[in-house]
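Let's take a friendly walk through a protein model, one piece at a time. Have the sequence and the 3D view ready.

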Amino acid sequence: MSKSKKIKTDNNIKIFQDFIDFEVLRSIINYLLISKKNKNNKNNNNYHNTINNNNNNNNNNNNNNNNNNNNNNNNISNQYKISKFYLNRNEILNYILVSKKWYNFISLTISNNIINNKLFEHWLNINYNNNNNNNNNNNNNNNNNNNNNNNNNNNNNNNNKSFIENYNNKNQYDKNYLIFKNNEDCQNKISFNKEFSIIKIKESIINDYFKFNLFLNHITANDFKEIKMKFENNQLIYNRIVVNLETDYGSDDDNILFRIHEYVSNENSEIISHLFKILELNFHFWLAEGNSPKSEEEEEEEEEEEEEEEVDGHDDEEGNKKCTELHLNNLTIVGYDEGVGEDEETVKIFKIFKGKNLFYDGSGAESDTSTHINYSALFDPDNSGQQVESIKVQLETINEEFVEARHLIKVNQFENLHSITIPINPFQILSNLAKEIGFTSFYNHKAESVNSENMKSELNQMIDSLITCKSLKNLKISSVNSADYQINYEGYYHGNGDLQIFVNKINETIESFSNSFQPLFSESNTSIERIELDSMRLLNINTFSNLLNNKSIKYLYLYCDSDFIVYSSKQNGYGCNVLHEEPISINQYLFDNIFSSPLTSIRHYKIYFKDSKELKLIFNLILNNIFKLQLYSLIFEFNENELGDEFVKEFKNLIYNISTQQQQQQQQQQQQQQQQQQKSNNINLKEIKIKIKDDKYIQELNNINNPYFTTIIKKLPIENEDD
């Protein structure tokens, strides 16, 4: 009779060594905290190098401060984002709670990323209050107590003191929390160096960082002179000076950049260019009356000066080239010249104020004005410069300001531009297209005064310029026309002539509009990865027919109403022919023909629900294609609270019906090969993201048992609903 042997266990003996556990964990943390657009380019440092170098990084941080800017540029693809941390904090906490060893490693991984990428001001709660003593280093127990007091201590904050005051006081900080003027920057901060804090960073590293990095909410021309003088004399103790200045309407601060520019225009351009590698300017200011053109006398004087400078080569008395430009990181300009019909001058301000990220708000005051902005210079690198990385034109529905197709024909000449956000006016485009085919014009507000000699050609040139801009990755095109405000075609038909001919002209005009956008969704587009587009019910199925040939688009969002409308003549109950609208579902075409094909490159699709009918359609499309969908994630968004109950109901039904379908397939395929069975039951969809306004549905959605994909729920902000 055999006796069972007692198996001895030794908890110290592991099949997998620690570094394997850590590699797996690090990959998970990287996935959760590195922005998806940077994941493919991230620099994966070896775990052992990270651990072994940690103490060296801590001890040598002072010596490496001179490389802050270079390190930031090199590691930008590897940076952890605090927004991603807040989005995935529950999952991170679950891993941390597994064991003390896991907690220590995850904490070390996140902390090291902050240290290596110099992200302190984005992650930590650091107070700028300057009490002029060194005892503040011991007051770190109040990290979480001041988040709601951002605006109460402005008179004592270092970033509200002048450059000279900070320089003379050696930039001493009370590290309770970091204050920026933008309140959003203060909300996403987390505590550190507490007993159960995830982030553990030596106080000496934090002290050194804020000793050599200065943050200001104000700067003057005199401050700039002082900074430049100390820089020239090698007396500047800072490796980085960040200025975030937002002016009020009519403020004297609106002239600060002009005063600084006047000063640097007489300075050595080489010195100024090196200075801007340390000085990071972020300005938001008003041009209350726009950038008015110079008088004839001023123009003549300027031409004479330019002729003299051409002879001198823009040199000063010592033969050094003079500086003609200011370089900024983020630049926002608001306002225009209301005294002209077309303002061509205001955006030319970007020729002297060179920014990496340009934001132009042409609304200015909320007055009803006929002024229209000519944005050609903004989208011309000869004016705005090759340093531009992103351009955004504010969507303003009050005065319906928009960018014309002809303004964008030089976009493909930019070399570093990766993101464009613009509003267009489909009525203006359709009106001009209609005239070109001998049809009527459709006027609305500003579109009436903006005419084109050859709209079809301009529209084609715009699309061609966008898809041939090799650096462009993100494109968002919105519409100034409300989804509820469609062209009233019946108002242009007065019962004269054949209605069918009138209908054919409408469809021909819309088809011309739609066909112009087709290259954007074809193999011709080889660079743009993310497209957000308000189709305004004007893009037909043919526009998307070549999507399977496109290999660049990863993210697609057709917001507002994506259905295409076909017009026809139809008899009503009285026997009279009337104009009839027949909606064609673009979503159905995309799900059945594009998202279900292995050839598609699209992995993320966002849907804005406008009514319960569309909501039901989408969930049916998901269910019908669930085992064929190639999408990684679906993003749902809706502002209407009355859709909440319907959405929760449909979402529950989807989960239940997927389970039912799987069981039915397994029963039907019992006689088939196991390989084929597994293939048919595979679900590629991994995430459903839900953006919703009402709190009451969030918990209910979180409680739904969903074994098929991750559900991420985000509450939409109550204010700024038009964004």
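## Helix H20 and its neighbours

This is a predicted model, and we start with helix H20, which covers residues 586-594. Its buried residues are Ile586, Asn587, Tyr589, Leu590, Phe591 and Ile594. What do the buried residues of H20 pack against? Their partners are five strands and a helix that you can look up one by one: strand S12 (555-559), strand S13 (564-571), strand S14 (577-584), strand S15 (604-608), helix H21 (612-624) and strand S16 (633-638).

Look also at the N-terminal end of H20, which is capped by Ser585. Here a side-chain oxygen lies 3.5 Å from the backbone nitrogen of Asn587.

## Helix H19

Now move to helix H19, residues 499-516. How far apart are the end C-alpha atoms of H19? They are 26 Å apart, and this agrees with the expected span, because 18 residues at 1.5 Å a residue should also give 26 Å.

The buried residues of H19 include Leu499, Phe502, Val503, Ile506, Thr509, Ile510 and Phe513. An α-helix has 3.6 residues a turn, so residues three or four places apart point the same way. The buried residues of H19 pack against helix H17 (426-436), helix H18 (455-467), S13 and S14. At the start of H19, a side-chain oxygen of Asp498 comes to within 2.8 Å of the backbone nitrogen of Gln500.

## The nonpolar cores

Which residues have the most contacts inside the largest nonpolar core? They are Phe379, Phe517, Leu590 and Phe636, in a core of 141 residues. Leu590 is also one of the buried residues of H20. Leaving aside neighbours within four places in sequence, Phe636 is in contact with Ile607, Phe609, Ile618, Phe619, Ile622, Phe647, Ile688, Lys689, Ile690 and Lys691. There is also a second, separate core of 32 residues, and among its members are Ile34, Tyr80, Ile205 and Tyr209.

## Two cysteines

Is Cys469 buried or exposed? Cys469 is buried, because its relative accessible area is 0%. Cys576, with a relative accessible area of 42%, is partly exposed. The count of disulfides comes to zero.

## The whole chain

Finally, step back to the full chain, which has 24 helices and 18 strands. Buried residues make up 48% of its 723 residues. Among contacts with a separation of 6 or more, 82% come from residues 24 or more positions apart. The chain exposes about 36,100 Å², with carbon and sulfur atoms supplying 42% of that area.

Definitions and conventions: Residues are numbered from 1 along each chain as its sequence is written. This is a predicted model: local features need pLDDT of at least 70, side-chain atom pairs count only at pLDDT 80 or more; totals for chains, interfaces and linings use all residues. Side-chain values use heavy atoms; hydrogens and water are left out. Buried means under 20% relative accessible area, exposed over 50%, partly exposed in between (1.4 Å probe, protein chains only). Helices (H or I, at least four residues) and strands (E, at least two) are DSSP runs, numbered from the N terminus. Contact means heavy atoms within 4.5 Å. A polar contact is a pair of N or O atoms within 3.5 Å; within protein, one must be able to donate a hydrogen and the other to accept it, and residues adjacent in sequence count only if both atoms are side-chain atoms. A nonpolar core is a set of buried Ala, Val, Leu, Ile, Met, Phe, Trp, Tyr and Cys residues joined through side-chain atoms within 4.5 Å. A disulfide is a pair of cysteine sulfur atoms within 2.5 Å. Accessible areas come from the Shrake-Rupley method with a 1.4 Å probe; for residues, only the protein chains shown count as cover. The expected span of a helix is 1.5 Å times one less than its number of residues.
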